[in-house]
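Reader: Got a minute to go through a structure with me? I'd like to chat about the sheets and strands.

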Amino acid sequence: MVTDAGFLPRADLDRLIGLLREGGRTVIGPTLDDGALVYAEIGSADDLPTGWTDDAAPGRYRLVRDEGQRTFGLGPPPQGLKRFTFPSRAPLAVAERTAEGAVTFTAAVPDPPRLAFLGVRPCEVAALLVQDRVLAGGPFVDEDYRARRQASLVVAVACTRSGSTCFCASMGTGPEVTAGHDLAMTELDDGFVVSAGSRAGEQLLARLALPAVTPDQHATATAAVAGARAAQGRQVVTTGLRDRLMDQLDHPRWAEVAERCLACANCTMVCPTCFCTSTALDSDLDGAATRMERRWDSCFTGDFARVAGGNFRPRRQDRYRQWLTHKFATWVDQFDTFGCVGCGRCITWCPVGIDVREELAAIAPPYEELPTATPVVAGSTSAYSTAVVRSVTPETADTSTLALVPGDDALLAARPGQFVMVEQPGFPPLPISVSRVADGALWLTIRAAGPATTATIALRPGAQLGLRGPLGRGWDIQRAVGRDVVIVAGGIGLAPVRPIIDTVLRDREKFRHVILAYGARTPADRLYVDEMADWADRGMVVTEIVDRAGPEWLGRVGIVTHLLDQRDFHDRPATAFVVGPERMMEATVATLAERGVPRERIFVSLERHMQCGIGLCGHCQMGPFFICRDGPCFAVSELGDLFGREGI
Amino acid sequence: MNEHDFVAELGATWFGAGLSLHARARLGECARLLTHPANDVLLREGDDTPFFGILTRGRVGLRMRVPERGPVTILTVEPGDVVGWSALVPPHRATSTAVTIEPSTLIEFEPRRLRELLEHDLALSATLYPRLLEAIGRRLSATRQQLLDLYAQQAEPVPW
Amino acid sequence: MISDRPRVGVVKLASCDGCQLTLLDLEDELLPIVGRFDLIEFPEATSLRSAGPYDVLLVEGAVSTPEQAEEIVHLRARSRLLVSIGACATAGGIQALRNWTDEPDWRASVYPEAGWIESLATATPVSEYVPVDAELRGCPIAPGQLLELLTALRIGRRPQLPAESVCLACKRRGNECVLVARGIPCLGPVTVAGCGALCPTFGRGCYACFGPREEANVASLHGWLAADRSTQEVDRLFAGFTAWSPPFREPAARAVAVAETHHPRKDDPDA
């Protein structure tokens, strides 16, 4: 509820600051520190940058003296309130391992300071609301962020001046304050029009006991804000923007802007809504204790989309496209709002002055609808529980299956296609598909692809490690009931489909023909060889092919799609599940579609760089999806033309 | 070979199903149906190709020999597919060694007579060659995919 | 995985010893390190000499003389892991500026008895002679990265050496951009992080002592900086400690050429 506005004379600003400081609350506001505008602690109104304004342009920013003597004459500071609500570095957990091999995880407990943000620009308030949706509004929550937000008050100030890089009016976030504030002020020559936007704000306003705003003051304030709006004009047309942009993934402008873009990440660092992070490890020399820390990262860095074997976004043009399409298109799919609030920081603070308004205008129209995915799991970024290795079974020279007895029984509820995060103290967490749940243990088949995976399969029975999950959306096996089932796996891709095989064979009569087509590199690289005869006995056609073989191999040699050559599903309703390297999945999907399996019933499991596993760190984004949370299993039709596209 | 049997046998294969009745009948003039035991060498890499064949039953491995690695199977030919396409393409030498992996039956065409037939019967050529190119094209694209070595270990070259 | 007590060597080629000293600068961590690693060769700290073999060899300095070119091949053969440390070993260092000059000429201008000096025409990174397993960048290297390397070695994980620009570290620290806000030329956007954005934090521009990052867009930054100052001035920014790094070579070469024209050597007959 909004109460009537009051008028706070300029000389009384300290009364407001005093009220905010009550109970040990720290007031944070714009202030000048060594010639730079920053958000920092405000003791009194004297600390505010009265008499200053700024001159912002693409790639250029200067503070200038303002004759008007406004207290809040400056636009958004170089860096926003994100520093206080979502700090650049925050502890996640401490992972410890004793000499005996016992492993423990201690999650960081949020300890937020009580803050009041004073003099917050409307775009900044809007950014807080966007981050509220991203970090605290979905199925999973960043506890540190939520705690910090709950412990803060927001005193916003409407804008009566627009900078050259401002476009809040286009994004619908300013120049007036409309939501998300406790108090809102509009600065006039001799004071402030103040209104409340929350219960806490009403109480503050009541205690200030201000005189009512005169009709003149009201008119002046309204006109001043309207002036700021008029000065901006409409710079970004948001109508249909999501679709217009997603339809231009092949626009030549992406390559052109990449000629200018430095991929330095400044735009994402100064953006008040960007939330991508990485987990940094700080271990002691023995790896006995590792502090895990959440750190700001960016989709522009070289490691951000890297997995063992390659980088999904190696080029600057891939990264720029990722960033721009996320802000203005896929963010809408994920969070039902744009990821941009029009503060203009990415324009001002781009070292080479790239202007998103110009890029959006150059990269434009028509469209196609992409579906949304439903998240289905539970978890938080630090909720590891300790698991014990029951057995380690070598499958091939570089691949072993670990049976893990989890400390938390919730992990045993993992459904086919879901994955878990495996954490050995001192090593980065590994996303691993569950290859079976049986006998109170979670079976994970892991290939030694790097140090962490190598160290994991080197564990002995009795060793401990951390598990988190089950995570992600699994296979929709319901869609296969009463139909032919075609399971196509390549290499280690047999692991994530084994739970389908287990499920189908358990209820064999519910399905019609069941075919497994498995491609491996060589005969020695085949997984689960001992089980295959059993699968065949239980009513499944098991076919195999290898890329190359010696004369001792009497089976087929060639590519996995050759196993489907003789099949035709036009008259036999079928559901297919496909896992393997992306190129192999593309070829298989094309073959299956040609042979009559509709793309709605061809499911794939995608690999991307996953760190948090619950859609909060941003690494695994692919278009509108976070692969970890919305996938990793998808119907090919859900992916639209993103499937098989380079650099997404 | 009985003409009726042959037309039916050929029509049941992937390769033969696409050929016209006229073509299948003409081809019967120089064909025979032969069954080989396992481990029979049908073609030897580099030698003249002794026949153009279509596998109807069994499995044939196409192998190449690498010093110190021994024979490597590059592809297995499954029923319906061709063996010895090089009999129709100069210089008529086998591009790999073909060995039966299990007892296998092939429709085998005598190469010299088949080539003469194709030279004079353009209708036959026009129906056979596209099918042959399709078969070779499938092998080419499969070989490209194998070349990508998609299932290979992709660890980065960092030694720890 | 490395043995329980890895045998570590520290050696130098053409360099100032500053990177080796970083190991001593670890102070609080120094004793734990000595307790866990066998420092079998480290001229700055111990008179022990070793012929190897090494589990890990940290190599400082550029390859600048014929002896060094031979020595590095021998050292490589005796090292399980070879890590080049510092701008000299990873990029050739400041002495690589001579790579664009006429070497005998230049030698004669510096040394009174040039005949006694035996040096190669170029000073180049270790990786131009032998395969290198990892690099620690910087002039000097960052103590934190050295400690992370040693920790990762002990644990057996890949060291965290982020492939990101200096700008990320700068922004995480909350700095205001010196380039945008004060017009100070800064190479942070094309330079790999690791220093913690030391220079911008103290109000000066980054001069790329950590060398180029992946996907370094030198052409774009150069063009932008040259809009407000002369091309020569911008070229000189790149002619620093990592000038010989491929992305920086073009502007650095121009800067050296201009310097030679404008500042002829004292013995230049045309001077």
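Author: Sure, let's take it chain by chain, keeping in mind that this is a predicted model.

Reader: Start with chain C. What order do the strands of its five-stranded open sheet come in?

Author: The order is β2-β1-β3-β4-β5 (chain C), and the pairing is parallel.

Reader: Which strands stand at the edges there?

Author: Those are β2 (38–41) and β5 (134–136) of chain C. Each has a single partner strand, so one side of each has no neighbour in the sheet.

Reader: And how much are neighbouring strands turned against each other?

Author: On average by 25°, with direction ignored.

Reader: Any detail on β1 and β3 of chain C, like how many bridges join them?

Author: Five bridges join β1 (residues 7–12) to β3 (residues 54–60) in chain C, and the two run parallel. Within that pair, C:V11 sits opposite C:V59 in β3(C).

Reader: What does helix α3 of chain C touch on the sheet?

Author: Helix α3 (residues 66–77) of chain C packs on the sheet and touches β1, β3 and β4 (79–85) of chain C. The direction of α3 makes about 135° with that of β4(C).

Reader: And α6 of chain C, where does that one pack?

Author: Helix α6 (residues 143–155) of chain C also packs on the sheet, where it touches β3, β4 and β5 of chain C. Its direction makes about 150° with that of β5(C).

Reader: OK, switching to chain A. Is β10 mostly covered or uncovered?

Author: Mostly covered: β10 (residues 183–187) of chain A has five of its five residues buried.

Reader: Which residues point which way from β10(A)?

Author: A:L183, A:M185 and A:E187 point one way, while A:A184 and A:T186 point the other, and all are buried. That fits the general rule that side chains in a regular strand alternate between the two faces of the sheet.

Reader: What does β10(A) pair with, and in which sense?

Author: With strand β9 (residues 152–157) of chain A the pairing is parallel, over three bridges. With strand β11 (residues 191–196) of chain A it is antiparallel, over five bridges.

Reader: Give me some partners. What sits across from A:V157 in β10(A)?

Author: The bridge partner of A:V157 is A:M185. On the β11(A) side, A:L183 has A:A196 as its bridge partner.

Reader: How many residues lie between β10(A) and β11(A)?

Author: Three, and the two strands form a hairpin.

Reader: What's the strand order in the four-stranded open sheet of chain A?

Author: Its order is β7-β6-β13-β12 (chain A), with antiparallel pairing. The edges are β7 (103–107) and β12 (277–283) of chain A; each has a single partner strand, so one side of each is left without a neighbour in the sheet. From one strand to the next, the twist averages 25°.

Reader: How many bridges between β6 and β7 in chain A?

Author: Five, in the antiparallel sense, with β6 covering residues 89–97. As an example from that pair, A:E96 has A:T104 in β7(A) as its bridge partner.

Reader: Last one, chain B. How many helices and strands?

Author: Chain B has five helices and six strands. Along the sequence the pattern reads α-α-α-β-β-β-β-β-β-α-α.

Reader: What are its dimensions, and what share of it is buried?

Author: The C-alpha trace of chain B spans about 65 × 30 × 30 Å along its principal axes. Of the 160 residues in chain B, 34% are buried. Among contacts in chain B between residues at least 6 apart in sequence, 76% join residues at least 24 apart.

Notes. Residues numbered from 1 in each chain as written. Chains lettered and ligands numbered in written order. Predicted model: local features only at pLDDT ≥ 70, side-chain atom pairs only at ≥ 80, totals over all residues. Buried ≥ 20, exposed ≤ 12 C-beta atoms within 10 Å, placed from the backbone. Pairing = 2+ DSSP bridges. Contact = placed C-beta atoms within 7 Å. Axes fitted to C-alpha atoms, helices over the stretch in contact; angles between N-to-C directions.
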